[in-house]
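Me: Hi! I'm new to reading protein models, so could you walk me through this one?

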Amino acid sequence: VTFLQAKAILREFKGGDALPFLLAMSGTSAPLDLFVRAAAAQRQRAASTRTLAFNTLGQALRDVPVAGEREIFLLMPWDFVREADWRTGLPTGPCDAQTLKTEGQLVADQLARRPLARILYLPAPMPPLLTDPGEDIALATWVHGLAGALGAETLPAEAFALGGYLATGCPITGASMGRVAEHIVAAALRTPLAGRKVLVTDLDNVLWSGVVAEDGIDGIGFRPEGAGYRHFIYQRFLSKLRGEGVLLAAVSRNDEDIALEPLRSGRMPLGESDFVAVLASYGAKSAQIRKLGDSLNLGLDAFVFVDDNKVELAEVRSQLPDVHSLEFPATDAELPGLLRELARLFGRSVVTAEDRERTAMYRRRLQGMPPSQMAGTDLTEFLRDLRMTLTIHDRSRGDRSRVVQLINKTNQFNLNGLRVTDDGVGRILDGGGRLYGASLEDRHGSHGEILACLVTTDGEIVSMVMSCRVFQRRVEHAFLGWLATQDRAPKVLRFAATNRNTPIQEFLIDRAFNRDGNGLVHLDAAEFASTHAADLALFVIQSPGRA
Amino acid sequence: VTLVLDTPSIEKLQRVFRAAFDCEDSRDMSALRQVDEPLWDSLMHVSLVAAIESEFDVVIDVVDSLAITSFESAAAVLDQQLR
């Protein structure tokens, strides 16, 4: 839309619902106003913008937001690093990169605390500030990344012209105003991500490092040291959010008593009473979250879900698109990004006494809420897109230490909980038995050796375990489906229930299995292979040949 | 200086000036000068330059922006830009 077209649009506009918002930028926004009103009019909305006095953005960021006011920040690099502002004439001496970054981070933190803020970032060129030109490029990239971490939408760089900025103080070229105004109005109309009320977190490898059902409470990490360090920081941050009125809930593929053990231990920053609900079951996480929303009488757009498992995230995203799902990072370096995003989503300017009491209030409301066993969404498309390769190894010969170790440390997907010795396995193999391992790779990388299966010469599976890291990917179905089509396919499985192996008990509900009451589960290999051909097709199978 | 700005461009610049100053369609803006027009303050100047840039898809530099003090000088700056 050009200047004359914008004028014509506004002449014809008969009025519409008001669209009030703050348009905050450090230069003058006066010429933009016409274009913004025209862009809004095209959507039958009457934009009315509050703008800032020239060069008062820094002060405005320190001020408390006006209650309920939607804010659009149109930012340039020098709004993060003021030394980079061309209009100040630039510093005459060299700058220190770390000092500039600290300054930029401070601005980012201020922005992250504004719950209704929408950020547009114009990557205008920065002047050379540092001695090393390479460092200048790195600084510009870092500032852009900082804006990105705040959820900023990037505007085309050509929307900035130095001449116009120096001449008038308006950083946007006249030729780009129509386009920039479109972005501003679209941002103002977008439902803000902020205003979230409930943080639903996974437990294993999120609230703590490790898997409590496998590693036990002494084997998981939540202290400020080693692998547990960032989980400790995450817990402390959640504790802060809880104090500000955010409701915390946990959802975990676990048995309830196992999931609650660390929370009841008194050793972690967070305890059971910090959560409105701890939902532990093997049902779909989307079903748990939906039920929690019903019980709390809150819409799903009030929820944020944090998990480390891409499959769980995909399931929730696909079933509950209104829930804002975030991945718990795999590296320490990504942790600040997650915490900043959570701070933004749950940011509020005032914390009341009621906010602090909210958890206790909702806990009373939810007392006794049973976990849901409802099935989730069909993940076939998502799993296919993971491009999984299952490599099956014949470990009957050579080094078998990894698979023996896997059998002895796995609790949840464990056929009978029996521990084995290397000698004991050796005797079964000497008698004609077979030992399989399987490793999994997908487009994100390798998951290592995640499955072990020991079969006697009579076709009895005496051990079968799988790492909980790969639950929900149909690996167990694919592996047994493959094994069922091999020569000397297994006929029975030696099953025993333990207080932790619910996942394998659910697996054995399949109609191809038939329990005889003496601890043996008979396998109809042909039936299983036929029923699970589609699961097998999700994988590229690399196998040692016919067993 | 002989202007080579074509008639449609001059007409369009007339429309930009009329729209910027909210004048009626019949008014000839060609004699308008900043010194005679009370509405032409610094804020109007910023909007006028943005309007010219928007309508003619040009970027006007500091020196040229300062040189725009009348319709005629605006036409001259634009003429340079469009050559």
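Reply: Happy to! We start with burial: a residue is buried under 20% relative accessible area, exposed over 50%, and partly exposed in between (1.4 Å probe, protein chains only). A:Cys170 is a good first case, since its relative accessible area of 3% makes this residue buried. A:Cys468 is buried as well, with a relative accessibility of 15%. Before we go on, note that this is a predicted model, in which local features need pLDDT of at least 70 and side-chain atom pairs count only at pLDDT 80 or more, while totals for chains, interfaces and linings use all residues. Residues are numbered from 1 along each chain as its sequence is written, chains are lettered from A and ligands numbered from 1 in the order in which they are written, and side-chain values use heavy atoms, leaving out hydrogens and water.

Me: You began with cysteines. How many disulfides does the structure hold over all chains?

Reply: In general, a disulfide is a covalent bond between the sulfur atoms of two cysteines. The test here is a pair of cysteine sulfur atoms within 2.5 Å. Over all chains, the count of disulfides is zero.

Me: How many helices and strands does each chain have?

Reply: Helices (H or I, at least four residues) and strands (E, at least two) are DSSP runs, numbered from the N terminus. Chain A has 22 helices and 19 strands. Chain B has four helices and zero strands, and its pattern along the sequence reads α-α-α-α.

Me: What share of each chain is buried?

Reply: In chain A, 55% of the 547 residues are buried. For chain B, with 83 residues, the figure is 47%. You can also look at one helix: in H19 of chain A (residues 475–484), ten of the ten residues are buried. Among them are A:His477, A:Phe479 and A:Trp482.

Me: Contacts come next on my list. What share of them joins residues at least 24 apart in sequence?

Reply: A contact means heavy atoms within 4.5 Å. We take contacts between residues at least 6 apart in sequence; in chain A, 74% of these join residues at least 24 apart. In chain B, the matching value is 51%.

Me: Can we zoom in on one residue? Which residues does A:Phe303 touch?

Reply: A:Phe303 belongs to strand E9 (residues 303–307) of chain A. This residue is buried, with a relative accessible area of 0%. Leaving aside residues up to four places away in sequence, A:Phe303 touches several residues, including A:Arg196, A:Ile289, A:Gly293 and A:His324. A:Gly293 lies ten residues from A:Phe303 in sequence, and their C-alpha atoms are 8.2 Å apart.

Me: Now helix packing, please. At what angle do H2 and H8 of chain A pack?

Reply: Two packed helices are described by the angle between their axes and the distance between the axes. Axes are lines fitted to C-alpha atoms, for helices over the stretch in contact, and angles run from 0 to 180 degrees between N-to-C directions. H2(A) (residues 32–41) and H8(A) (residues 177–189) pack at about 55°, with axes 8 Å apart. Angles under 35 degrees are roughly parallel, over 145 roughly antiparallel, 65 to 115 roughly perpendicular, and the rest oblique. H2(A) and H8(A) are therefore oblique to each other. The residues making this contact include A:Phe35 of H2(A) and A:Ile184 of H8(A).

Me: Which classes of residue make up that contact?

Reply: Ala, Val, Leu, Ile, Met, Phe, Trp, Tyr, Cys and Pro count as nonpolar, Asp, Glu, Lys and Arg as charged, and the others, Gly among them, as polar. The contact of H2(A) with H8(A) has ten nonpolar, one polar and one charged residue.

Me: And how do H1(A) and H1(B) cross?

Reply: H1(A) covers residues 3–12 of chain A, and its axis comes within 10 Å of the axis of H1(B), crossing at roughly 45°. That makes H1(A) oblique to H1(B). On the chain A side, A:Phe3, A:Leu4 and A:Lys7 make the contact, while H1(B) brings B:Lys12, B:Arg15, B:Val16, B:Ala19 and B:Ala20. By class, there are five nonpolar, no polar and three charged residues.

Me: One last topic: phi. What is the phi of A:Arg387?

Reply: Most residues other than glycine have a negative phi, and most peptide bonds are trans. A:Arg387 is not a glycine, yet its phi is positive, about 50°. You'll find A:Arg387 in the loop between helix H16 (380–385) and strand E11 (388–394) of chain A. A:Arg387 is exposed, with a relative accessible area of 56%. A:Gln44 has a positive phi too, near 60°, and sits in the loop between H2 and strand E2 (45–51) of chain A.
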